[in-house]
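Visitor: I am new to this structure and would like a close look at one part of it. Please take me through the place where the two chains meet, and then through what lies on either side.

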Amino acid sequence: MKVGLFIPCYIDQFYPQVGIATYQLLKKLGCDVDYPENQTCCGQPMANSGFSALTGGCDKNFVANFDAYDYIVAPSGSCVLHIKEHLKDDKNPTKAQKIRNTIYELTEFLVDILKVEHLTSNFPHKVGFHTSCHGQRGLHLSSMTERVLPQFSKPEQLLQKVKGLQLCYPERKDECCGFGGTFCVFEEAVSVKMGKDRIEEHQKNEVDYITAGDVSCLMHLEGILKRQGSKVKAIHLAEILNHE
Amino acid sequence: MSNLKTLDHAAAAEIFIKDEARTDWHDDTLWFVRQKRDKAVNGIAEWEQLREWASQIKNHTLSNLDNYLTAFEKQAEANGIKIHWAADALEHNQLMHKILKAHNISRIVKSKSMLTEECHLNDYLKKQGIEVVDTDLGERIVQLRDEAPSHIVLPAIHLKKQDVSETFHEHLHTEEGNNDPQYLTEAARQHLRDHFIQSELAITGVNFAIAETGGFVVCTNEGNADMGAHTAKIHVACMGIEKIIPKAEHLGVFLRLLARSATGQPITTYSSHFQKPRPGQEMHIIIVDNGRTKQLGRADFRNSLKCIRCAACFNTCPVYRRSGGHSYHTAVAGPIGSILNPNLDMKANADLPFASTLCGSCSNVCPVKIDIHEQLWKWRQVIVEEGYVKPEKKIAMKGMAWIFSNPKIYRWAGKSGRWFLRTMPFLGNNKLNVWYKQREMPEAPKQSFHDWYQQNKNK
């Protein structure tokens, strides 16, 4: 099984440790992982801002990089959802379609494809889980409070296998953190207020860390935590699962 | 009305949020309604099935709207109701004015109708020297304050009891500083009762118009639609063309969904069925298009017309709860308003589809399964394509797209960007950087993942 590792641009540039943890974790779990070195961005920042007409270059580059793999895995629900919903390549429609069908967010890949039963991870801390919207409502990584359907959570399933980890949820279990791509600057006031409110609920639980499946949410929450001088740290789920 | 657009959503929201304690109160109040909704819908095992049925009935109706509308007209006329057709808001208002003039009427009561808000009927009639008294408590409160409703189900949800007390003291001469809700409600009750008794004509909205029977249903919690319609000699009901449902039995689906989604009640206190005028009464229905057929013609947006105006998407929206209805500067605010209003005026409402994080809660709470957040995304594309976006934004996006299309340039830009942020942090940490206003910048590492991988892939 050949796995292509997709490390979204802002993780590549600002959070390499998340890419490293994802890579090491997949290797540990026996995957044949490759990082195609000419990858850049999925095109989501432009598309979500209304400029999907400008994503042709990103699409082309993505297809060229990820065409050769059985599976593509990324530690970001949001970028994966974008590819799944919007990747197109008029010259290679079947290649684009194949990529859309075989791209996975990390936790769904671990649960649904690798069917991970045991993890050697150890993380003896109190961890608050932030549910990232695109992973949850877009990729259905977990059930949501809006619907009347059976409850499940793929990330939680994995976090429960981590030794020493005490998992907590905020009072509003699945409310958006307010990052929202370019929303975070064009609607700065609402964005920050949403983030502050999420953090407050996690702080009520006296957590050491806030974790999530998306670095974008964490980058936003971390920015606010640091400004507040909070002791609470943001950490990506892959870093916890890879922690021994 | 004082809701004429002056600020875009982001700017208005920033002002709203400045009073953080009040923002928290607004957020909590609406979240409480969302929680009531959750409790109510979880009490029904077949909830998802009901949503699916409602969605299918509405889709079917929208695909056969012409037939159902004419069938409704025929039945309603056979029942003795006069039907009027209005192409737009102005024609709706003119038709109403014509009915008022023909009967020389000056005393009018109106129960809640978002359509008349959309058409700005009160303003129009005021200019003709005619005053309409809104009888929904929340609507009356905002009317006395010369404000627009901030929510389609809870029009005065942006106000605290203290605000209501001040407003009533000024207009209804209640005791100054008496904030007791019971006292204030009783004062409103007495005040409105006088208007009901004297009214010559009652305007109501329509929640559901039934093609099969020619009748219609109006849902209220206060009974004010009934009070108006039963005391006045003339009843005028206003409805958008999308309010049609094929059969009376379909009410069994929609009435179960509506109130649970709106307020968490199993059903509204009054679900009033109007079939024909009582002896000596005149009954009119004004059926309004006002952009709806245009929306019906937009493949990506037509199913927004499935909306039954429950406002569940308002209550669940983390952006709405923290920015208030007035920041949307339109009669219908919230997520649904953000996909309906660009159709009415794309330029004036170009900001609204961007007033969302695309979290998707709205689409999943929607009782008729409108893919609201996906339509928000699609409206963004249309708005950019039509050129209603700031040139700076366009330039920035073009720059980003170019960088991301060229791996070498992307890596060079990333590396130099990080170098600048590390060695000259003031380049990022300054007032021009909107991110930095209330958030620290992420740390810029020396090595990207790409660089690490190159060093470590063969280890």
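Guide: What follows starts at the contact between the chains and then turns to each chain in its own right. The model is a predicted one.

Begin with the contact as a whole. On the side of chain B, 56 residues are in contact with 60 residues of chain A. Sorted by class, the chain B residues that touch chain A comprise 30 nonpolar, 15 polar and eleven charged.

One helix pair in this contact can be looked at in detail. Helix α11 of chain A, residues 188-204, packs with helix α1 of chain B, residues 9-18. Their axes are 7 Å apart and the angle between them is about 45°. That angle makes α11(A) oblique to α1(B). From α11(A), the residues Ala189(A), Val190(A) and Lys193(A) take part, and they meet Ala13(B), Glu14(B) and Ile17(B) of α1(B). Taken by class, this helix contact has four nonpolar residues, two charged ones and no polar ones.

Now to chain A by itself. Chain A is divided into domain 1, residues 2-113, and domain 2, residues 126-241. The centres of these two domains of chain A, taken over C-alpha atoms, are separated by 22 Å. Where the domains touch, 24 residues of domain 1 of chain A are in contact with 21 residues of domain 2 of chain A. Several helices of chain A each supply at least two residues to the domain 1 side of this contact: α1 (9-14), α2 (16-28), α3 (44-48), α5 (77-86) and α7 (106-113). By class, that side of domain 1 of chain A has 13 nonpolar, nine polar and two charged residues.

Chain A also holds an open sheet of four strands, in the order β6-β5-β7-β8, with parallel pairing. The edges are taken by β6 (166-168) and β8 (233-236) of chain A; each has a single partner strand, so one side of each is left without a neighbour in the sheet. From one strand to the next, the twist averages 35°. Strand β5 of chain A, residues 126-130, runs parallel to β6(A) and is joined to it by three bridges. Lys126(A) has Gln166(A) in β6(A) as its bridge partner. Helix α12 of chain A, residues 215-228, lies across β5, β7 (209-212) and β8 of chain A, and runs at about 170° to β8(A).

Chain B has strands to follow as well. Strand β4 of chain B, residues 201-204, points Leu201(B) and Ile203(B) one way and Ala202(B) and Thr204(B) the other way, and all of these are buried. Three bridges join β4(B) to the parallel strand β2 of chain B, residues 108-110. There Val109(B) stands opposite Ala202(B). Four bridges join β4(B) to β7 of chain B, residues 234-240, and this pair also runs parallel. Here Thr204(B) stands opposite Ala237(B).

A further open sheet in chain B has four strands in the order β8-β5-β6-β9, and its pairing is mixed. At its edges stand β8 (244-245) and β9 (270-274) of chain B, each with a single partner strand, so one side of each has no neighbour in the sheet. Strand β5 of chain B, residues 208-210, runs parallel to β8(B), and two bridges join them. In this pair, Ile210(B) stands opposite Ile245(B).

Conventions:
Residues numbered from 1 in each chain as written. Chains lettered and ligands numbered in written order. Predicted model: local features only at pLDDT ≥ 70, side-chain atom pairs only at ≥ 80, totals over all residues. Axes fitted to C-alpha atoms, helices over the stretch in contact; angles between N-to-C directions. Parallel < 35°, antiparallel > 145°, perpendicular 65-115°, else oblique. Contact = placed C-beta atoms within 7 Å. Nonpolar A, V, L, I, M, F, W, Y, C, P; charged D, E, K, R; others polar. Domains from an automatic or database assignment. Pairing = 2+ DSSP bridges. Buried ≥ 20, exposed ≤ 12 C-beta atoms within 10 Å, placed from the backbone.
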